[in-house]
Amino acid sequence: MSVNSNKYIVQTMERLSFFGIENGVCQFVVDDLQEATMTNEQETVYATGKNGVKIGSADRNKASRITATNGSIVDGVMAAQVGSEVVQGKTIIPKHLFMFTTEDGTSVDVTLKPIGAVGNEIPYIYKRNTDGTVGKSYSIAANADTDTFKYDPETKKITLPTDAFSPGETVYAFYDIEVADAKKISNDEDKFSVTGMLIADCFAKDICTEKSYYAKIIYPKAKASGNFELSFGNDPSVQNMEFEALSGGCGNSFSKRLWDFIVFDEDDATEL
């Protein structure tokens, strides 16, 4: 059925999708939107006459942006904000924390393989203080003595410093491990937030008939903001994002367009 209404109720933004300008590949979809705002601006300069009376005007610098808060953290959004990619595969995790309990006060067993130069796989171990803080440090050596410990990769065992630990005490260790399939996003100082096509999906309801239509806000060229924060506390962290509409400037059909707002009925789509 054709869209006949001129008056709609638009309450929520259902999702945001972001696509590469060059290849059209979808970089992310966010659909846990807690809130979203579309802001439109225009600068008007007035010509004035006697006593400051406005006698004319000129308009310039139109702008539009969409800001949103997502209830979950989407890795593709973070990658776009820092100008990176989501790299998946074998990854080194640096300085992972391990807490070992020694049964006899002389040794502990290592469960995950340390990654590093032979003889320096685990640079230090630490004695756990009674209040849980990190205590005295001991360095690795070929043999254990009062100030050093030994790690044997064949037996996967740490020989503790002589007379430094008692049975039941906790040993802290920080060392690098390798995981087979991790995701990594890097924020490099010489890479910046990306530009792409942004599509916001909404629903528009005919205020008279109560019929719902699809509505799309399309930014043919949108710059993702590199300013964002993640807050950690009592509530789960949310992901805030902002996208600024840019002029296309490429001689195509979107060359001067900031956005399109389209309301349609999917039943009107061309069938196969």
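Tutor: A nonpolar core is a set of buried Ala, Val, Leu, Ile, Met, Phe, Trp, Tyr and Cys residues joined through side-chain atoms within 4.5 Å. Keep in mind that this is a predicted model.

Student: How many residues has the largest nonpolar core?

Tutor: Look at the residues with the most contacts inside this core: Met13, Leu16, Phe28, Val30, Ile66, Leu198 and Phe243. The largest nonpolar core counts 26 residues.

Student: Which element gives the most to this core?

Tutor: Several elements supply at least two residues each, including helix H1 (75-82), strand E4 (54-70) and strand E14 (239-245). Strand E13 (212-224) is also one of them. With 6 residues, the element that gives the most is E13.

Student: Leaving aside neighbours within four places in sequence, which residue of E14 is in contact with Phe28?

Tutor: Phe28 has contacts with Leu16, Ser17 and Phe18, among others. Val74, Gly76, Val77 and Ala80 are also in contact with Phe28. E14 spans 239-245, and the contact of Phe28 in that range is Phe243.

Student: Which side chains of E14 point to one face and are buried?

Tutor: In a regular strand, side chains alternate between the two faces of the sheet. Along E14, Asn240, Glu242 and Glu244 point to one side and are not buried. Pointing to the other face, and buried, are Gln239, Met241, Phe243 and Ala245.

Student: Which residue stands opposite Phe243 in E14?

Tutor: E4 pairs with E14 in the antiparallel sense over 6 bridges, and there Ala68 stands opposite Met241. E13 and E14 also pair in the antiparallel sense, over 3 bridges. Opposite Phe243 stands Ala224.

Terms used: Residues numbered from 1 in each chain as written. Predicted model: local features only at pLDDT ≥ 70, side-chain atom pairs only at ≥ 80, totals over all residues. Heavy atoms only, no water. Buried < 20%, exposed > 50% of the residue type's maximum accessible area, 1.4 Å probe, protein only. Contact = heavy atoms within 4.5 Å. Pairing = 2+ DSSP bridges.
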